[in-house]
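Open the model in your viewer with the cartoon on and the side chains hidden for now. We will move from one selection to the next, pausing at each to see what is there.

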Amino acid sequence: GVNEIVRKPFKREEISNAVKRVAVESELVKENARLFEEIQKREKELTVLYNNLEKELNLASEIQKSLMPKNDLHFGDYRIRYIYKPSQNIGGDFCDILEVDENNFAVAFADISGHGIPASLLSTMLKVYILNYGYDITDTAKLTETLNEDVIRVFPRGKFISLFYLMIDFYNNKMKFCKAAQESAFLLRGKTDEIEELSTEGQVLGLFSKIDFPDIVNFEEKTTDFHNGDKLLLYTDGIVEARNAEGEFFGTDRIKEILLKNKDSENILDIILNELYKFTESEKLEDDLTFLLIERN
């Protein structure tokens with residue numbers, strides 16, 4: 001325990017310097033002990049903050065899930081199912097199903113730019129807008145155009161939405177739809193086993209206002225028949241852009257192959273998800289993932 005050695009005969013200056021060095025070292029030991037206690041205290045505080053944050057995120061996730069529509073819905077001969085897999089417990093993928101009236105239902109299928117809490121908050125705002133307009137505006141292109149103006153006005157700059165909005169008259173079996181930079185939907189014809197890619201003209205929401213750029217912004221509505229045995233698949237780019245260890249994308253061709261191969265299966269969505277997991281060799285996704293199936297039987 002000796003820190004300093006003073007040899008005889010000693011000098012006053014030597015003793016003074018030795019005492020000073022011992023005092024400094026003693027203070028350093030005390031300071032190190034104080035800092036260590038402070039670090040331990042901060043670690044405990046960080047642990048509490050982390051646990052609270054995790055609880056808040058779990059609560060936010062439950063709230064977002066509660067805002068999603070009920071799964072496995074039926075309208076006349078039509079059945080609607082979906083799978084929603086956010087990459088961070090909460091995310092920016094969004095879908096909603098509206099019973100517009102006794103003969104029509106609508107589906108909003110969207111992808112908000114970004115991930116996590118900001119994207120989930122914006123998806124909640126989008127749901128409010130769709131509920132405001134979805135029951136009154138039956139022209140899908142007009143509704144999309146209206147949503148675009150609200151997104152530009154309210155959303156933070158640099159936040160965009162891709163959307164596929166459709167309405168099905170389940171009495172006359174007619175479908176009208178409008179696509180705003182969302183992935184093209186796949187319509188599998190039950191009688192011919194042909195897959196039609198449904199697409200329309202339309203830009204991402206939140207980029208340009210039709211008021212300011214009337215020649216650039218244009219949303220288009222198209223219509224088609226929905227025959228008995230047909231199946232419509234909507235999906236976000238989270239599945240298309242998922243990559244394996246070699247960097248290869250899952251792509252749309254694989255989705256089509258799975259859809260055709262399992263057209264008579266009751267578990268098409270689960271099969272697609274499992275094939276994706278096999279392809280990526282992981283159930284941890286880099287992007288939010290949602291796909292929705294509408295079938296008429």
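Start by selecting Ala18, Ser61 and Gln64: these are the buried residues of helix 1 in this predicted model. What covers them? Show strand 2 (78-85), strand 3 (93-99) and helix 2 (116-133), which are included in the cover over those buried residues.

Now select the whole of helix 1, residues 12-67. With 56 residues at 1.5 Å a residue, helix 1 should span 82 Å, and its end C-alpha atoms are 81 Å apart, so the two values agree.

**Helix 1 and helix 2**

Keep helix 1 on screen and add helix 2. The axes of the two helices come within 11 Å and cross at roughly 25 degrees. Because of that angle, helix 1 counts as roughly parallel to helix 2. The crossing of helix 1 and helix 2 is left-handed.

Turn on side chains here. On the helix 1 side, pick Leu57, Gln64 and Leu67; they meet Ile117, Ser120, Ser123, Thr124 and Lys127 in helix 2. You have met Gln64 already, as one of the buried residues of helix 1.

**The sheet beside helix 2**

Next, follow helix 2 to the strands that it lies across: strand 3, strand 4 and strand 5, with helix 2 running at about 20 degrees to strand 3. Select strands 3, 4, 5, 6 and 9 together. They form an open sheet of 5 strands in the order 3-4-5-6-9, with antiparallel pairing. Strand 3 and strand 9 (222-225) are the edge strands, each pairing on one side only. On average, neighbouring strands of this sheet are turned by 15 degrees against each other, direction ignored.

Is strand 3 mostly covered or mostly uncovered? Mostly covered: 6 of its 7 residues are buried. Strand 3 runs antiparallel to strand 4 (residues 104-112), and 7 bridges join the two. To see the register, select Asp93, which stands opposite Asp111 in strand 4. Then trace the hairpin that joins strand 3 to strand 4 through 4 residues.

Further along the sheet, pick strand 5 (residues 161-169) and strand 6 (residues 174-180), which run antiparallel and are joined by 6 bridges. A handy marker is Phe164, whose bridge partner in strand 6 is Lys179.

**The other open sheet**

Now select strands 1, 2, 11, 10, 7 and 8. These 6 strands form an open sheet in the order 1-2-11-10-7-8, and the pairing is antiparallel. Its edge strands are strand 1 (73-75) and strand 8, each of which pairs on one side only. Neighbouring strands in this sheet are turned by 20 degrees against each other on average, direction ignored.

Zoom in on strand 2 and strand 11 (residues 289-296), an antiparallel pair joined by 8 bridges. Label Arg81 and look across to Leu293, its bridge partner in strand 11.

Then move to strand 7 (residues 185-188) and strand 8 (residues 195-198), where 4 bridges hold the antiparallel pairing. Phe186 has Glu197 in strand 8 as its bridge partner. The hairpin formed by these strands has 6 residues between them, and Asp193 in the turn has a positive phi of about 60 degrees.

For the last stop, select helix 5 (residues 251-261). Helix 5 lies across strand 7, strand 8 and strand 10 (231-235), and runs at about 25 degrees to strand 7.

Note on methods: Residues are numbered from 1 along each chain as its sequence is written. This is a predicted model: local features need pLDDT of at least 70, side-chain atom pairs count only at pLDDT 80 or more; totals for chains, interfaces and linings use all residues. Side-chain values use heavy atoms; hydrogens and water are left out. The expected span of a helix is 1.5 Å times one less than its number of residues. Buried means under 20% relative accessible area, exposed over 50%, partly exposed in between (1.4 Å probe, protein chains only). Contact means heavy atoms within 4.5 Å. Two strands pair if DSSP finds at least two bridges between them. Axes are lines fitted to C-alpha atoms, for helices over the stretch in contact, and angles run from 0 to 180 degrees between N-to-C directions. Angles under 35 degrees count as roughly parallel, over 145 as roughly antiparallel, 65 to 115 as roughly perpendicular and the rest as oblique. A crossing is left-handed if the near helix is turned anticlockwise from the far one by less than a right angle, and right-handed if clockwise.
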